[in-house]
Each structure stands twice: as C-alpha cells, then as structure tokens.
Amino acid sequence: TIILQASAGRAQVPISRAHTVLEFDAASMIAYVCRTSQHRLANDVRAEPDYLPVKELPETRSEMTLPLRMGSRSIGVLDIQSERIGVFGPDDLWTMQILADQIAIAIRNAQLYQAETDRRNLADALRQAGREMSSSLDLGELTGRVLDQMAMVLPYERGSLWLQEDRVLISVAQRGFPEGEEGLRTVSYTHLRAH
C-alpha cells in the first residue's frame, strides 16, 4: 500500500481517500514508479494510460513522478503536477531526481533517528519501571506498581498479574477491567496445563 504523506500547491484542497492510499499494483504513475524505481513523465496526461485523474484537481495537464531512492531500493515517490501541457523537460527530470534522492536520504535519516529515540525511551521506561518495582517490599503495593509501570512501557487496555501458589494461579493485580468485572481470581494450574 502506498500512502500520501504530504502535499502542497497553490490550491490547498482536501484529496479524497481514493487518491491518498494506493495499492502497490494500481494502474497509476505513482504505483508504477514505486514498483520499478524508474521515473515517469507525462507532458500531456490525457495521452498517458497510467495517469490516475484526481477529481479535486481537474486542471492537471502534466505530471512528473520520481522515485525516492536509497541505493537500488525505492522508499517512496515525489510527484509533481502542472496545469500546463509540456512544461517538464529532460533537465527538469535530472534536477528533480537529484532532489528526490536527497529527500530520500533525509527521510531515512529521520526514520533512523525516530527508531533510535523510541529505543532509548523504551530503555529509560524499563529502567524506571525496575526502580519503581524494587522500591517497595509490600506485595500489594508492588503488584499494582508493576501494571502501572508496564502501561508506561507498552500502552494497553487491560492487564493482570498472576502468582502461582502450589498448583493454583491467583490474580493479585488487575488494571483496566470495569468494576465488578475483573474476571477470574484463581485458576487451577493443572487445568491451565490441560488446555
């Protein structure tokens, strides 16, 4: 699936979902460039079989679509449209492909930075959770803290903590269940193993 991430132009009109999300094998210049990592140029879109008209932009006459390349791999597309026929030339293709390659590098760097930031935030949250949990020796307080700290690491709607006593599992803490609907409090360990 190909998803429109940003757009700009003189007339800022909302584009329908049919043109902001495209299937990879769709008959469109954008999908073709994603599949092949090769640019497409249509200086008269009315003669281009892969041109996908956008009802909100009926004046489009020329379209230049370029791959955002990282080496031999495409990570997206830069699509440029004009209301004039024959507006794009070979020099424009060359210049805009250089720009598209720079955009791809910037996007990849931003993705790597975001992934590293997410990893760092997760590690910090895990350290904090460990500190919080080891700061109490009261079992009731500790089990509640476990679920609270887990929510800071991994957002969730409902969770429960079970401890084993002999061959029975006992729910010692629950979070996110409606009052009176906390679910099972004890389960036979042998019953669980049978399933």
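# A walk through the predicted fold

The protein chain folds into four helices and eight strands, and the reader should keep in mind from the outset that this is a predicted model. Followed from the N terminus, the elements come in the order β-β-α-β-β-β-α-α-β-β-β-α. The chain holds 195 residues, and 26% of them are buried. Of the contacts with a separation of 6 or more, 39% are made by residues 24 or more positions apart. The accessible surface of the chain amounts to about 13,200 Å², and carbon and sulfur atoms hold 54% of that area.

A convenient place to enter the interior is the largest nonpolar core, which consists of nine residues: Met64, Leu66, Leu68, Leu78, Phe88, Leu93, Met96, Ala100 and Ala104. Two elements, E4 and H2, each give two or more residues to this core, and H2 gives the most, with four.

Met96 shows how the helix takes part in this core, for Met96 is one of the core residues and is located in helix H2, which covers residues 90-134. Apart from neighbours within four places in sequence, Met96 touches Met64, Leu66, Leu78 and Ile80. Met96 and Leu66 are 30 residues apart along the chain, yet a distance of 7.7 Å separates their C-alpha atoms. Met64, another member of the core, has a list of contacts that includes Leu78, Phe88, Leu93 and Met96, again with neighbours within four places set aside. The contacts of Met64 also include the charged residues Arg40, Asp79 and Asp92, together with Leu41 and Ile80.

The contact between Met64 and Arg40 leads from the core to a group of charged side chains. Across the whole structure there are seven salt bridges, and two of those described here involve Arg40. In one of them the side chain of Arg40 meets that of Glu48, with 2.4 Å from N to O. Which state, buried or exposed, applies to Glu48 in this pair? Glu48 has a relative accessibility of 14% and therefore counts as buried, because the limit for that class is under 20%. Arg40, also at 14% relative accessibility, is likewise buried.

The other bridge of Arg40 is formed with Asp50, where the closest N and O atoms lie 3.1 Å apart. Arg40 belongs to strand E3 (residues 40-42), whereas Asp50 sits in the loop between E3 and strand E4 (62-70), so this pair ties together parts that are 10 residues apart in sequence. A further salt bridge joins the side chains of Asp44 and Arg46, at 3.1 Å from N to O. In that pair Asp44 is partly exposed, with a relative accessible area of 26%, while Arg46 is exposed, with 59%. Through shared partners, salt bridges link Arg40, Glu48 and Asp50 into one network.

Asp50 also provides a path to Ser28, since Ser28 is in contact with Asp50 as well as with Leu22 and Leu52, once neighbours within four places in sequence are left aside. Ser28 is placed in the loop between strand E2 (21-22) and helix H1 (29-36). Is this loop residue buried or exposed? Ser28 counts as buried, because its relative accessibility is 2%.

The last stop is at the surface, where Leu139, Leu163 and Val172 make a nonpolar patch of about 230 Å². What is the degree of exposure of Leu163? Leu163 is partly exposed, with a relative accessible area of 33%, and so passes the threshold of over 30% that is applied to patch residues. Leu163 is found in strand E6, which spans residues 159-165.

Strand E6 runs antiparallel to strand E7 (residues 168-175), and seven bridges join the two. Within this pairing, Leu163 stands opposite Ile170 of E7. The two strands form a hairpin with two residues between them, and in the turn Asp166 has a positive phi of about 55°. As background for reading such a strand pair, the side chains of a regular strand alternate between the two faces of the sheet.

Conventions:
Residues numbered from 1 in each chain as written. Predicted model: local features only at pLDDT ≥ 70, side-chain atom pairs only at ≥ 80, totals over all residues. Heavy atoms only, no water. Contact = heavy atoms within 4.5 Å. Buried < 20%, exposed > 50% of the residue type's maximum accessible area, 1.4 Å probe, protein only. Areas by Shrake-Rupley, 256 points an atom, 1.4 Å probe, with all protein chains shown as cover. Salt bridge = Lys/Arg side-chain N within 4 Å of Asp/Glu carboxyl O. Core = buried A, V, L, I, M, F, W, Y, C linked by side-chain atoms within 4.5 Å. Patch = residues over 30% accessible without salt bridge, like charges linked within 9 Å, V, L, I, M, F, W, Y side chains within 5 Å. Pairing = 2+ DSSP bridges.
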